[in-house]
Amino acid sequence: DQYELPKCSFSFHSSFVMALSGILTEAEIAAGLQSCQAADSFDYKTFFVKVGLNSKSKDQLAKVFEILDQDKSGFIEEEELKHFLQNFSASARVLTDTETKVFLAAGDSDGDGKIGVEGKTAFIKQ
């Protein structure tokens, strides 16, 4: 059973930015997106450093996780990761299949094909 995530809309992007206003700055988000504009250039470690996620508290990372978990399943699945950058800017590109699989493998601590909040916060801090 495949499902399709809703496409990012301006209102979703605005609410995401509003929710992140106390966590990330616009400059941090812009730096992160600038670092991976070309296809197959996304490196999660570089992105996390550029946007400052690697220096955030566990509570702040849990809040970011909740925002990224678009279907509110308690996990970030492959399809949500593919659209990861669009959470930061509606005009950002989708991740390639290769980028998505590498990203998922890095955060999937138990091999179930999805990232739970504990796995997410742990691999951001790597």
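Which residues does the UniProt annotation "binding site" cover? I looked this up before anything else, and the record, an unreviewed entry, gives D69, D71, S73, F75, E80, D108, D110, D112 and K114.

**Entry 1: confidence.** I note at the outset that this is a predicted model, in which the protein chain averages a pLDDT of 83 and 79% of the residues score at least 70. I then looked for the weak stretch and found that pLDDT stays under 50 over residues 3-13, for which the model has 16 contacts beyond four places in sequence. Where pLDDT is low, the predicted coordinates should not be read in detail. I therefore leave the detail of residues 3-13 alone, as their pLDDT is under 50.

**Entry 2: two of the annotated residues.** I went back to the UniProt list and picked D69 and E80, both among the residues it covers. D69 sits in the loop between helix 4 and strand 1, the strand being residues 75-77, and I find D69 buried, with a relative accessible area of 4%. Setting aside neighbours within four places in sequence, I see D69 in contact with G74, F75, I76 and E80, and of these F75 and E80 are also covered by the annotation. E80 itself belongs to helix 5 and is buried, with a relative accessible area of 2%.

**Entry 3: salt bridges.** How many salt bridges does the count come to? I get 3, and I went through them in turn.

- K101 and E78 meet through their side chains at 3.0 Å, N to O. Because K101 lies in helix 6 (residues 97-107) and E78 in helix 5 (residues 78-82), this pair ties together parts that are 23 residues apart in sequence. K101 is partly exposed at a relative accessible area of 48%, and E78 is partly exposed at 30%.
- D97 and K82 form a salt bridge at 2.4 Å, N to O. This pair also links distant parts of the chain, with D97 in helix 6 and K82 in helix 5, 15 residues apart. I find K82 buried, with a relative accessible area of 17%.
- E99 and R93 form a salt bridge at 2.7 Å, N to O. E99 is buried at a relative accessible area of 5%, and R93 is buried as well, at 18%.

**Entry 4: the nonpolar core.** In the largest nonpolar core I count 28 residues, and those with the most contacts inside it are F42, F47, F84 and L85. Helix 2 (26-34), helix 3 (44-51), helix 4 (58-68) and helix 6 each supply at least two residues of this core, and the largest share, 5 residues, comes from helix 4. In soluble globular proteins, nonpolar side chains tend to be buried together. I then followed L85, which, apart from neighbours within four places in sequence, is in contact with L33, C36, F42, F47, A92, R93 and L95. R93 in that list is the residue whose side chain meets that of E99 in a salt bridge.

**Entry 5: the two sides of helix 2.** Which residues of helix 2 are buried? I find I29, G32 and L33, and they are on the same side of helix 2 because they cover an arc of only 95 degrees around the axis. An α-helix has 3.6 residues a turn, so residues three or four places apart point the same way. On the other side of helix 2 I find A27 and Q34 exposed, while the buried residues of helix 2 pack against helix 3.

Note on methods
Residues numbered from 1 in each chain as written. Predicted model: local features only at pLDDT ≥ 70, side-chain atom pairs only at ≥ 80, totals over all residues. Heavy atoms only, no water. pLDDT = per-residue confidence, 0-100. Contact = heavy atoms within 4.5 Å. Salt bridge = Lys/Arg side-chain N within 4 Å of Asp/Glu carboxyl O. Helix = DSSP H or I, 4+ residues; strand = E, 2+ residues; numbered from the N terminus. Buried < 20%, exposed > 50% of the residue type's maximum accessible area, 1.4 Å probe, protein only. Core = buried A, V, L, I, M, F, W, Y, C linked by side-chain atoms within 4.5 Å. Arc of directions from axis to C-beta. UniProt positions renumbered as here; feature names shortened; annotations may be inferred.
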